[in-house]
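Subject: Handing over a structure, with notes on what was found

Dear colleague,

I am passing this structure on to you, and below it you will find an account of what turned up when I went through it. Please read the notes with the structure open beside them.

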Amino acid sequence: MWQAMFSFTNAVVVIAWLILLFLPRKPLAMTAVLYLGVGLLCLCYAVMFAALLSGGVDPGQVPGSQPYVASDYSIEGLRRLFMSDGGLVIGWTHYLAFDLFTGLWIARDADNKGFGRAVQVPFLFATFMAGPIGLLAWLIVRERRAREMHPAENRIRL
């Protein structure tokens, strides 16, 4: 089961990223990325998470390791969770969903600020590969244009 879910979520996210990177940013394409990409990944995550925490599915423990206990949120407890196939797939799906949502936000933000697709691709690729690094890089690059476009909205108010 876990291998099938891993393969499914990876296929969903690759298709969604390809749409985001290469298709025109028409409403239908963006809706597909949001709902058939991000939304479907979130649904998969929620179902797997509930099934795992309820004991409805076996997390697939590594032989010889201690069993996962749902209420153990210590480092050791989370290590046991992520050493299981179930924990790994659920954690991976979490990353996929949030990185794709972040990539969708970057693409929309970049379009709204007039950045061309060639400028966006490296940030989107960095977000796909290492979400927070791509997001941080985009936040740094977008700042000047955001302030130029909306100077009054970007003042710090005390």
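A good place to begin is threonine 127, which is found in helix H5, the helix that covers residues 117-149. Please keep in mind throughout that this is a predicted model. With a relative accessibility of 0%, threonine 127 counts as buried, and, when residues up to four places away in sequence are not counted, threonine 127 touches Trp17, Asp99, Thr102, Gly103, Ile106, Gly134 and Leu135.

One of those partners can be followed further, since threonine 102 lies in helix H4 and, at 17% relative accessibility, falls under the 20% limit and therefore counts as buried. Not counting residues up to four places away in sequence, threonine 102 touches Thr127 and Leu135, and both of these residues also appear in the sets just described: Leu135 is among the residues that threonine 127 touches.

To set these residues in their wider frame, the protein has 5 helices and 0 strands, and its elements, read from the N terminus on, run α-α-α-α-α. Of the 158 residues of the protein, 36% count as buried. Among the contacts with a separation of 6 or more, 71% are accounted for by residues that stand 24 or more positions apart.

How do two of these helices meet? Two packed helices are described by the angle between their axes and the distance between the axes. Helix H1 (residues 2-22) and helix H4 (residues 85-112) pack at an angle of about 10°, and their axes are 10 Å apart. Because angles under 35 degrees count as roughly parallel, H1 is roughly parallel to H4. On the H1 side the contact is made by Trp2, Met5, Phe6, Thr9, Asn10, Val13, Ala16, Trp17 and Leu20, while H4 contributes Asp85, Gly86, Val89, Ile90, Trp92, Thr93, Leu96, Asp99, Leu100, Gly103, Leu104 and Ala107. Sorted by class, the contact of H1 with H4 has 14 nonpolar, 5 polar and 2 charged residues.

Leucine 104, one of the H4 residues in that contact, is worth a look of its own. Leucine 104 is buried, with a relative accessible area of 2%, and, leaving aside its neighbours within four places in sequence, leucine 104 is in contact with Leu20, Met30, Val33 and Leu34. Leucine 104 and tryptophan 17 are 87 residues apart in sequence, and their C-alpha atoms are 8.8 Å apart in space.

Glycine 86, also among the H4 residues that make the contact with H1, can be related to helix H2 (residues 27-53), where alanine 51 is found. Alanine 51 and glycine 86 are 35 residues apart in sequence and 9.9 Å apart in space, C-alpha to C-alpha. At 19% relative accessibility, alanine 51 counts as buried, because the limit for that class is under 20%. Leaving aside neighbours within four places in sequence, alanine 51 is in contact with Gly56 and Val57.

The aromatic residues are the next topic. The structure holds 5 aromatic pairs, and in one of them the rings of phenylalanine 123 and tryptophan 138 have their centres 5.3 Å apart and their planes at 70°, so the pair is edge-to-face. Phenylalanine 123 and tryptophan 138 are both buried, and ring pairs link Phe115, Phe123 and Trp138 into a cluster. Over the ring of phenylalanine 115 sits the charged end of arginine 145, which is 3.9 Å from the centre of that ring.

Arginine 145 also leads to the loop between H4 and H5, where glycine 114 is found. Glycine 114 and arginine 145 are 31 residues apart in sequence and 8.9 Å apart in space, C-alpha to C-alpha. Is glycine 114 buried or exposed? With a relative accessible area of 55%, glycine 114 is exposed.

Finally, isoleucine 133 has its place in helix H5 and is exposed, with a relative accessible area of 58%, whereas phenylalanine 123 is buried. Isoleucine 133 and phenylalanine 123 are 10 residues apart in sequence and 8.7 Å apart in space, C-alpha to C-alpha.

With kind regards

Notes:
Residues numbered from 1 in each chain as written. Predicted model: local features only at pLDDT ≥ 70, side-chain atom pairs only at ≥ 80, totals over all residues. Heavy atoms only, no water. Axes fitted to C-alpha atoms, helices over the stretch in contact; angles between N-to-C directions. Helix = DSSP H or I, 4+ residues; strand = E, 2+ residues; numbered from the N terminus. Parallel < 35°, antiparallel > 145°, perpendicular 65-115°, else oblique. Contact = heavy atoms within 4.5 Å. Nonpolar A, V, L, I, M, F, W, Y, C, P; charged D, E, K, R; others polar. Buried < 20%, exposed > 50% of the residue type's maximum accessible area, 1.4 Å probe, protein only. Phe/Tyr/Trp six-rings, centres within 6.5 Å; stacked < 30°, edge-to-face > 60°. Lys NZ or Arg CZ within 6 Å of the ring centre and 35° of its normal.
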